[in-house]
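Colleague: I should like to go through this model with you, one question at a time. Please reason each answer through before you give the value or name.

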Amino acid sequence: MITELTITNYKSALKTHVPLSRFNVLIGENGAGKSNILESLALASAAGANKLDTEYLSARGVRLCTSRLTKSAFNSSTQKKPITIFVKTDLPDEDGRGREYEFILHHDDKANTQWQLDLRSKVPLPTPMEDLMRSWEANKADPSAKAATEELRKLMKFLQQEFHRTESIKKSKSNSAAKDLNGVTITLRNPLVASLITGFIQKSTFERFTVYSPNYETLKNHLAVPATSPIGPKGEGMLATIQSMQEDEPARFKDITESLKLFDWYSSIRFPTENQTRNDGLSSRIAIGDRYVRTRGLLLDDSAVNEGFLYVLFYLTIFCSSKTPAIFGIENIDTALNPRLCEVLVKQLISLSKKYEKQVIVTTHNPAILDGLNLDDSSQSLLIVRRNADGHTLVDNYQKPQITSEKHIRLSEAFMRGHIGALPKGI
C-alpha cells in the first residue's frame with residue numbers, strides 16, 4: 001500500500017505532498033488538480049514498467065497532452081526541469097522501513113519522442129546485483145544470459161561514472177559546470193535486463209495503477225475490448241470479467257451479487273447460456289432480475305438496465321476481482337448515483353477494500369460521498385485539494401473537528417457550509 005506520494009513539476013503540482021490511507025476521497029473545486037494526482041501515479045507505474053509510450057499511458061487512464069503542458073508551466077524554469085514522482089510504500093526494505101521509489105522523467109519536447117527515465121531515479125533492489133550477475137555468468141550455455149550480463153555490467157559502470165560526475169558538478173562553484181548537469185536517461189533494450197530492472201517495480205504495490213473513468217455507453221457494450229487486462233479505464237471488458245468471476249471466483253462473485261441489493265428493485269444477476277438470445281436475436285451477455293417484473297422469464301439485459309446500476313456494478317467488479325490492480329483511482333465516483341446511494345455505496349466499497357486488500361483514491365463533487373466516510377478509522381482519508389495564490393496544487397488531510405458543537409455535523413453539511421473548504425472561490 002502507498003503511504004506517501006510527492007509530485008514535483010507535474011502539471012499544476014509544482015511540489016505536492018499527498019498522505020494516503022487505504023480509502024481516500026479527494027474533493028476540491030474544478031481545476032484544483034485532483035485528476036493530476038491520480039495521473040501522476042499512473043505515470044510512475046508506467047515508468048516502473050518501462051512503458052512510457054502514449055499508448056500505454058492512455059490505456060492506464062492518463063489524459064495525454066504535449067510534454068510542455070505535462071511539465072509545470074508556471075514559468076520558463078519549470079519547463080526545463082524534469083517531472084519527479086516520489087512514492088513511499090508500506091512494503092519493508094532490508095532495514096525494515098517502508099520501501100521508497102523516486103522516478104525522474106525527462107522529455108526533449110520534440111515531436112514523436114517519449115518520456116525517458118533518468119538513471120538517477122531511485123529503485124530499491126531486493127536482490128544483490130552482483131550475486132545475480134554471477135549466476136548469469138555461470139550459465140555459459142545461454143547466449144542471452146551472456147548478453148544480458150554484459151549490458152548490465154556496462155549499465156552499472158555507467159551509473160557509477162554518472163554518479164561521480166554528478167557529485168563533482170554539485171560541489172563545483174562554477175555556474176557553467178552546474179548548467180551541464182542535465183538528466184541522463186536510458187532505454188532498456190536487452191529484454192532480460194529490462195525484465196530485471198522493471199521487475200523490481202512490478203513487485204511494488206502500485207503495479208498496473210489505473211485511473212478509471214467509466215462511461216455508460218462503454219459499460220453496456222459487451223463488445224468493447226480493453227487495452228489493458230482485464231478492464232480498461234472506461235469500463236471495457238467489465239461484463240467479461242464478471243462472467244469469469246462467476247465461473248472461477250464464486251465467493252467474490254457472490255459479494256457482487258449481495259452488494260447489488262443496494263437497489264430495491266434488484267433480485268438477481270446471472271449470465272445466460274450461449275443459446276439464449278435477446279428479443280432482437282442478438283446474444284445477451286447479462287441477465288438482471290427485477291422483482292417488480294411479474295412476467296415469467298422476462299429479464300433485463302445490458303442494453304435495458306439503468307445507468308446507475310451499471311456504474312455500481314463496475315465499482316463492485318474492480319473492488320472484488322483478483323485480476324484488477326491492487327491500487328487504482330476512480331474519477332467522479334458519484335456519476336449517475338442518487339445521493340443516498342452514494343453514501344451507502346462508499347461504506348460498502350470501504351468494507352470490500354479491506355476484505356480484498358485494495359487501495360483506492362477517488363474524486364468527487366458530491367457531498368453525499370463524504371457521509372460514507374468514518375474519519376475515526378485511520379484507513380479512511382478525506383483530502384482537500386486546492387491551489388494556492390501562485391496556482392500550485394496543494395493537498396490538506398482533513399481532520400475530524402474536536403469542537404463539540406461541530407462534532408456531530410454530517411460531513412456533507414460541513415462541506416456545503418464551507419467548513420471543510422474545497423468550494424469555488426469565485427462564486
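Colleague: Which residue stands opposite Ile361 in strand 12?

Modeller: Please bear in mind that this is a predicted model. Strand 11 (residues 327-330) pairs with strand 12 in the parallel sense, over four bridges. Within this pairing, the residue that stands opposite Ile361 is Gly329.

Colleague: Strand 3 is also joined to strand 12; which residue of strand 12 does Val25 stand opposite?

Modeller: Strand 3 covers residues 23-27 and runs parallel to strand 12, with four bridges joining the two. Val25 stands opposite a residue of strand 12, namely Val362.

Colleague: How many of the five residues of strand 12 are buried?

Modeller: In a regular strand the side chains alternate between the two faces of the sheet. On one side of strand 12, Gln359, Ile361 and Thr363 are buried, and on the other side Val360 and Val362 are buried, so that both faces are covered. Strand 12 (residues 359-363) is therefore largely enclosed by the rest of the structure, the count of buried residues being five of the five.

Colleague: Is Glu357, in the loop between helix 13 and strand 12, buried or exposed?

Modeller: Glu357 has a phi near 55 degrees, a positive value in a residue other than glycine. Its relative accessibility is 60%, and the cut-off for the upper class is over 50%. Glu357 therefore counts as exposed.

Colleague: What is the class of Asn332 by relative accessibility?

Modeller: Asn332 lies in the loop between strand 11 and helix 13 (339-355). Its phi is near 50 degrees, again a positive value in a residue other than glycine. Because its relative accessibility is 30%, Asn332 counts as partly exposed.

Colleague: Which helix gives the most residues to the largest nonpolar core?

Modeller: In soluble globular proteins, nonpolar side chains tend to be buried together. The largest nonpolar core has 60 residues, of which Phe23, Leu260, Leu313, Leu382 and Ile420 touch the most other members. The element that gives the most to this core, with eleven residues, is helix 12.

Colleague: How many residues are in the other core, which lies apart from this one?

Modeller: Among the members of that other core are Ala13, Ala44, Tyr101 and Val211. The number of its residues is 38.

Colleague: How many aromatic pairs does a search of the whole structure find, and what is the angle between the planes of Tyr101 and Phe206?

Modeller: The search finds twelve aromatic pairs. Tyr101 and Phe206 form one that is edge-to-face, with 5.2 Å centre to centre and 90 degrees between the planes. This pair links distant parts of the chain, 105 residues apart, with Tyr101 in strand 5 (residues 98-106) and Phe206 in the loop between helix 8 (191-202) and strand 8 (210-212). Both Tyr101 and Phe206 are buried, and the angle asked for is 90 degrees.

Colleague: Why is the pair of Tyr212 and Phe314 called edge-to-face?

Modeller: The ring centres of Tyr212 and Phe314 are 5.6 Å apart, and planes over 60 degrees apart count as edge-to-face. The pair links Tyr212 in strand 8 with Phe314 in helix 12 (residues 307-320), 102 residues apart. Tyr212 and Phe314 are thus edge-to-face because their planes are at 75 degrees.

Colleague: With which side chain does the side chain of Thr6 make a polar contact?

Modeller: Thr6 belongs to strand 1 (residues 2-10). At 14% relative accessibility, Thr6 counts as buried. Not counting residues up to four places away in sequence, Thr6 touches Lys15, Thr16, His17, Thr84, Ile85 and Phe86. The polar contact, at 3.1 Å, is with the side chain of His17.

Colleague: Which residue takes a positive phi in the hairpin of strand 13 and strand 14?

Modeller: Strand 13 (residues 380-387) and strand 14 (residues 393-397) run antiparallel and are joined by five bridges. Arg387 stands opposite Thr393 in strand 14. The hairpin has five residues between the strands, and the residue with a positive phi, near 90 degrees, is Gly391.

Colleague: What is the omega of the cis peptide bond from Ser229 to Pro230?

Modeller: Pro230 lies in the loop between helix 9 (216-219) and helix 10 (238-248). The peptide bond that leads to Pro230 from Ser229 is cis, with omega near -5 degrees.

Technical notes
Residues are numbered from 1 along each chain as its sequence is written. This is a predicted model: local features need pLDDT of at least 70, side-chain atom pairs count only at pLDDT 80 or more; totals for chains, interfaces and linings use all residues. Side-chain values use heavy atoms; hydrogens and water are left out. Rings of Phe, Tyr and Trp (its six-membered ring) pair if their centres lie within 6.5 Å; planes under 30 degrees apart count as stacked, over 60 as edge-to-face and the rest as tilted. Buried means under 20% relative accessible area, exposed over 50%, partly exposed in between (1.4 Å probe, protein chains only). A polar contact is a pair of N or O atoms within 3.5 Å; within protein, one must be able to donate a hydrogen and the other to accept it, and residues adjacent in sequence count only if both atoms are side-chain atoms. Contact means heavy atoms within 4.5 Å. Two strands pair if DSSP finds at least two bridges between them. A nonpolar core is a set of buried Ala, Val, Leu, Ile, Met, Phe, Trp, Tyr and Cys residues joined through side-chain atoms within 4.5 Å.
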